[in-house]
Amino acid sequence: MNDAASLPDLAPLRDWFSSYCDSFRTSDLEVQRNFDLKQEHTRNVCRDALLIAHGMGPRFEMLAEVAALCHDLGRFPQFRDYHTFKDSESLNHAHLSAHIMKQHHVLDFLPDEERGCIEVAVRMHNAFLVPQGLPAVTEDLLRLLRDADKLDIWRVFIEYFNAPEAERASGAGLGFPDLPGCSAEPLAAVAAGRMVQLSTLKSLNDFKLLQVSWIYDINYPATLRLIRERSVLERFRAMLPRDREVLDVLAQVSCHLDGKLRDAAE
Ligand SMILES: [Fe+2]
């Protein structure tokens, strides 16, 4: 890969992204709120991707920002056409993001190989697991994008949950009903150290457990430190029921996070 001296200027891509967002502008305030949410989310994922990529080389940092900027392009037509961010009820937004990138030739300023890395990272950023057998840079980029995305989805959800109902962007809660308690299947998954499957959710509390279980799927020490600094787990604890089994699984995730942070510090 080339050195810092030949780093491309990302200003045209950032400008293209702004006009892309503007092209979805609508007088429907409720829909616009969901578009604004994704534009702000993208901005934050770019920032967090750069925080995580710091020290991995200027070329990789540039690719991290490009991947972050493009990863949720598909969210805009998804919400416009289906009024949901739930892929299972609409389409795979990551596949659509990769398609839009190609359709608009937004990565034509990059060499083919790097463009290929970003396309795979964007396309796979929402997969349940990272596929095996990817080239090293593609895998690094994909893992980084997944970490940065999670960091800001947590922020979005925490803000959503703590906002007055009238001000909430409807898409952020995925439409799950706010029922008491947590369901057995998501609790069992977290207790077993596994990520919760979206198909097992019955309520908003289950969705919170799913997001807590993402802590098992973090790739970079910098992300672990940001989880700690931003009190992600504590904020989710404050939003969940104070049932014994819920507190137990949260304590378990907390131990997992402490262990990973210790490993990373050695
Ligand atoms: Fe995202």
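Student: Which helix is Gln-32 found in?
Tutor: First, a heads-up: this is a predicted model, where local features need pLDDT of at least 70, side-chain atom pairs count only at pLDDT 80 or more, and totals for chains, interfaces and linings use all residues. Residues are numbered from 1 along each chain as its sequence is written, and side-chain values use heavy atoms, with hydrogens and water left out. Helices are DSSP runs of H or I with at least four residues (strands are E, at least two), numbered from the N terminus. On that numbering, Gln-32 belongs to helix 2.

Student: Is Gln-32 buried or exposed?
Tutor: We go by relative accessible area: buried is under 20%, exposed is over 50%, and partly exposed is in between (1.4 Å probe, protein chains only). Gln-32 comes in at 8%, so it counts as buried.

Student: Which residues does Gln-32 touch, not counting residues up to four places away in sequence?
Tutor: A contact needs heavy atoms within 4.5 Å. With those sequence neighbours set aside, Gln-32 touches Phe-24, Arg-25 and Thr-26.

Student: Helix 2 also carries His-41, so what coordinates the iron ion?
Tutor: Donors are N, O and S atoms within 2.8 Å of the metal (3.2 Å for Na, K and Ca), and because water is not among the atoms, sites may look incomplete. The donor distances run from 2.1 to 2.3 Å. The residues are His-41 (NE2), His-71 (NE2), Asp-72 (OD) and Asp-149 (OD).

Student: What do we call the geometry of that site?
Tutor: Four donors are tetrahedral if all angles lie between 85 and 135 degrees; four are square planar, and six octahedral, if opposite donors are over 155 degrees apart and all others between 65 and 115; anything else is irregular. Here the angles among the four donor atoms span 82 to 171°. That makes the site of the iron ion irregular.

Student: How many residues apart are the two histidines, His-41 and His-71?
Tutor: Along the chain, the donors follow the spacing H-x29-H-D-x76-D. The pair links distant parts of the chain, with His-41 in helix 2 (residues 29–53) and His-71 in the loop between helix 3 (58–70) and helix 4 (75–82). Their separation in sequence is 30 residues.

Student: What is the relative accessible area of His-71?
Tutor: His-41 is buried at 1%. His-71 is buried too, and its value is 0%.

Student: Over in helix 1, which residues is Phe-17 in contact with beyond its neighbours within four places in sequence?
Tutor: Phe-17 sits in helix 1 and is buried, with 5% relative accessibility. Its C-alpha is 9.3 Å from that of Val-106, although the two are 89 residues apart in sequence. Its contacts outside those neighbours are Gln-39, Thr-42, Leu-69, Leu-73 and Phe-76.

Student: What covers the buried residues of helix 5?
Tutor: Helix 5 (residues 93–103) buries His-93, Ala-94, Leu-96, Ser-97, Ala-98, Ile-100 and Met-101. The cover includes helix 1 (11–22), helix 3, helix 4 and helix 6 (112–124).

Student: Which residue with a positive phi follows helix 5?
Tutor: Most residues other than glycine have a negative phi. The one here lies in the loop between helix 5 and helix 6, and is exposed at 52%. With a phi of about 50° despite not being a glycine, it is His-105.

Student: What is the phi of His-83?
Tutor: His-83 lies in the loop between helix 4 and helix 5. It counts as partly exposed, since its relative accessible area is 49%. Its phi is positive although it is not a glycine, at about 55°.

Student: Which three residues supply 47% of the area that domain 1 buries against domain 2?
Tutor: The domain bounds, from an automatic or database assignment, are 4–150 for domain 1 and 176–265 for domain 2. Buried area is the accessible area (1.4 Å probe) that two parts lose on being put together, summed over both, and here it is about 1,300 Å², 59% of it from carbon and sulfur atoms. On the domain 1 side, the trio giving more than any other three residues is Phe-128, Asp-147 and Lys-150.
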